[in-house]
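Here is a short tutorial on reading a protein model. A learner asks, and a teacher replies.

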Amino acid sequence: MQITEHIASLSEEGRLLAAAAEQAGPGASVPTCPGWQIRHLLRHTGMVHRWAAAFVTEGHTAYHPDGGEPDLDGAELLAWFREGHRHLVRSLEEAPADLECWTFLPAASPLAFWSRRQLNETTVHRVDAESALGGPLTQVSADRAVDGIDELLTGFHARPKSRVRSDKPRTLRVRAVDTAATWTVRISEDPPQTVRTAGDDGTEDVDCELSGTAEGLYLALWNRLPLTAVTLRGDRAVARLWTDNSAVTW
């Protein structure tokens, strides 16, 4: 996806998140984040938006801590979230193509990184907000979902921080049936190694395969949908290894 598409989608996802949060109310429970209420979701996501925007606007070339979560609630909290989201979108729209700042995953450029990272951050938390309403979720397009799976598998879980480990080597295949994308994830005592292939190239024997729409896989791999939302073949313990250990930490 192009940077401009990421930013446009980020703008829409933040709007949807705020709308769902406003409808649910600050005290509503968030089923996809046990122990959280909508107020916690808004404080966290709003803090991340401001943290990311600071790298873009201030050009920090090393890690810079976030500003913490505010002691706000109700209408004030919602307004604070919306203001920070608009600031993030404007910051990315106005940033130069040759922006230089700190990043923490491989990307074509810092601007490409922050646009993509904040789109996926906001999309996942928009799903959280909508889950509090108990109704249908706003659809994620297949190309965006594939891009998000790429970031998760080849970015986040290639880092030493990944807790998806196994004393016995295991292999997990992720196959998006509505696209040409297939990922083979090799799990060992080291961080997972993921290779993406196209079409039927991923035909080697694996311990477990998860298949489904790109959107279903995207949300299941982020633990926003249960494994029952996709098709599982092979050793369920390998899939559980993922769901039990794949939560992303800072």
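Q: Which helix is the place of Ser115?
A: Helices are DSSP runs of H or I with at least four residues, strands are E runs of at least two, and both are numbered from the N terminus. Ser115 sits in helix α4. A word on the source: this is a predicted model, where local features need pLDDT of at least 70, side-chain atom pairs count only at pLDDT 80 or more, and totals for chains, interfaces and linings use all residues. Residues are numbered from 1 along each chain as its sequence is written, and side-chain values use heavy atoms, with hydrogens and water left out.

Q: Is Ser115 buried or exposed?
A: Buried means under 20% relative accessible area, exposed means over 50%, and partly exposed lies in between (1.4 Å probe, protein chains only). Ser115 is buried, at a relative accessible area of 0%. Its helix is mostly covered too: 22 of the 22 residues of α4 are buried.

Q: Which residues is Ser115 in contact with, leaving aside its neighbours within four places in sequence?
A: Contact means heavy atoms within 4.5 Å. With those neighbours set aside, Ser115 touches Ile3, His6, Ile7 and Leu92. Distance can also be read from C-alpha to C-alpha: Ser115 and Lys161 are 22 Å apart in space and 46 residues apart in sequence.

Q: What span should the 22 residues of α4 have?
A: Take 1.5 Å times one less than the number of residues; that is the expected span of a helix. For α4 this gives 32 Å, and the end C-alpha atoms are 31 Å apart, which agrees. Now try α1, also with 22 residues: 32 Å is expected, its end C-alpha atoms are 31 Å apart, and this agrees.

Q: Which residues of α1 are buried?
A: The buried residues of α1 include His6, Ile7, Leu10 and Leu17. The cover over the buried residues of α1 includes α2, α3, α4 and α5 (142-155). Just after α1 comes Gly25, with a positive phi near 95°.

Q: What should the span of helix α3 be?
A: Helix α3 covers residues 74-94, which makes 21 residues and an expected span of 30 Å; the end C-alpha atoms lie 31 Å apart, which agrees. Seen down the axis of α3, its buried residues fall within an arc of 165°, so they line one face of the helix. That arc is taken from the directions from the helix axis to the C-beta atoms. Among the buried residues are Leu77, Trp80, Phe81, His85 and Leu92. They pack against α1 (3-24), α2 (38-58) and α4 (110-131). The face turned away from the buried side carries the exposed residues Ala75, Glu76, Glu93 and Glu94.

Q: Where is the place of Arg170?
A: Arg170 lies in strand β1, residues 170-176. Arg170 counts as buried, at 15% relative accessibility. Beyond its neighbours within four places in sequence, Arg170 has contacts that include Val185, Ile187, Asp207 and Asp235. From Arg170 to Pro192 it is 9.8 Å, C-alpha to C-alpha, and 22 residues in sequence.

Q: What is phi of Asn223 near?
A: Most residues other than glycine have a negative phi. Asn223 has a positive phi near 60°, and is not a glycine. Asn223 is in the loop between α6 (214-221) and β5 (231-234). Asn223 is partly exposed, with a relative accessible area of 27%.

Q: How many disulfides does the count come to?
A: A disulfide is a pair of cysteine sulfur atoms within 2.5 Å. The count here is zero. As for cysteines, Cys101 is buried at 11% relative accessible area, and Cys208 is buried at 0%.

Q: How many helices and strands are in the chain?
A: The chain has seven helices and five strands. From the N terminus, the order is α-α-α-α-α-β-β-β-β-α-β-α. Of the 250 residues, 52% count as buried.

Q: What radius of gyration would a compact globule with 250 residues have?
A: The radius is taken over C-alpha atoms, and the globule rule is 2.2 Å times the number of residues to the power 0.38. The rule gives a value near 18 Å; the chain has 18 Å, which agrees. Along the principal axes, the C-alpha atoms fill a box of roughly 55 × 40 × 30 Å.
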